[in-house]
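Here are my notes on the model. Please read them with the coordinates open.

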Amino acid sequence: MKRIAGILLLVFVSIIKLHAQCAISGSLNICVGSTSQLTGENPPAEGNPWSSSAPEVATVSATGLVTGISAGSCTITYTNTACSSSVTINVSANTIPNFNQPGPYCIGANPDALPLTSLNGITGTWYPSTISTATPGSTDYTFTPDAGFCSSTVTITVVVNENTIVPLFTQPGPYCAGASIPALPTISNNNIAGTWNPSVIDNNASATYTFTPLAGQCAVSTTLTITINPIVTPSFNVPGPYCAGASIPALPTTSINGITGTWSPAINNNATTTYTFTPTSGQCATTASLTITINPNTVPTFNSVGPYCAGAS
């Protein structure tokens with residue numbers, strides 16, 4: 001009987017020890033693909049004391065290394081001859097950081113800073129840390145999430161384009177000195193916006209004007225030369241004077257200095273008259289005038305002689 005009682009006591013003590021709680025330490029929250037090292041109390045000399053209730057969520061090795069497989073929760077149990085205990089492992093899915101695509105940029109553009117927090121709330125750092133637009137081409141920028149996020153690194157490619165677009169404009173002018181000249185357009189024929197220097201057109205002298213595109217359009221500067229022609233006074237040889245009633249040739253419709261136009265009024269060959277020459281439009285010339293002198297016809301007069309006697313000398 002004593003022998004039987006001793007055996008029963010040993011079995012009872014073994015059962016008590018088997019159901020004693022083991023201390024388990026280690027991180028219970030992991031990400032898919034990451035690991036957590038669990039440590040159990042009084043590890044056995046041999047055998048595998050660890051088990052997972054859902055290996056499709058997390059697996060556990062004989063040394064207590066838990067590996068996240070998929071999002072979810074599972075129970076990890078540690079059992080040895082002296083104790084048994086379980087913990088719940090939470091496995092979180094990896095979230096890909098989302099960002100708005102920066103660029104493309106033009107050479108020399110001033111890019112925005114790379115955001116240190118993604119659109120879905122993940123913080124981290126970039127490498128390289130800033131976008132460079134010094135040279136054309138494509139550059140990869142990698143975002144590394146801060147520790148504690150179940151998130152993977154992500155890479156975005158930023159493109160820097162060469163400044164190659166030439167703004168196109170319709171050539172204005174030429175203009176006559178003093179003419180009213182419309183302002184130069186601030187948007188080119190091929191839709192490049194920018195500014196001019198000088199900004200105001202000089203309507204008294206020919207000049208070259210430089211168009212500088214606004215940033216971000218990958219366009220180069222261009223120039224326009226506006227020609228301002230001086231005002232020319234037509235010159236003519238003055239005809240005459242003529243006698244009243246004389247046949248007077250028509251006045252020339254092209255001046256000595258090459259200005260074409262018309263005369264008014266019609267020639268009067270009986271009176272001295274001033275005639276006005278009006279240049280044809282577009283020649284940058286003023287009106288001119290000349291006076292044709294008409295002299296009246298004179299009847300010769302003499303002193304009377306005689307009377308004389310016949311035969312007188």
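1. Strand 16 (residues 207–213) and strand 17 run antiparallel and are joined by five bridges. Ala 207 has Ile 226 of strand 17 as its bridge partner. Strands are DSSP runs of E, at least two residues long, numbered from the N terminus.

2. This is a predicted model, with local features needing pLDDT of at least 70, side-chain atom pairs counting only at pLDDT 80 or more, and totals for chains, interfaces and linings using all residues. Residues are numbered from 1 along each chain as its sequence is written, and side-chain values use heavy atoms, with hydrogens and water left out.

3. Strand 17 (residues 222–226) has two unlike faces: Thr 222, Leu 224 and Ile 226 are on the covered one, Thr 223 and Thr 225 on the uncovered one. In a regular strand, side chains alternate between the two faces of the sheet.

4. Four strands form an open sheet in the order 2-9-8-5, with mixed pairing. Two strands pair if DSSP finds at least two bridges between them. Strand 2 (29–31) and strand 5 (50–52) are the edges; each has a single partner strand, so one side of each lacks a neighbour in the sheet.

5. Strand 2 pairs with strand 9 (residues 84–92) in the parallel sense, over three bridges. Cys 31 stands opposite Ser 92 in strand 9.

6. Which residues lie nearest the centre of the largest pocket? They are Asn 100, Pro 102, Asp 112, Ala 113 and Pro 115, out of 15 that line the largest pocket. A pocket is an open set of points on a 1 Å grid over the protein atoms alone, where a 1.4 Å probe fits, with protein on both sides within 12 Å along at least five of seven lines; lining residues have an atom within 4 Å of a point.

Terms used:
Buried means under 20% relative accessible area, exposed over 50%, partly exposed in between (1.4 Å probe, protein chains only).
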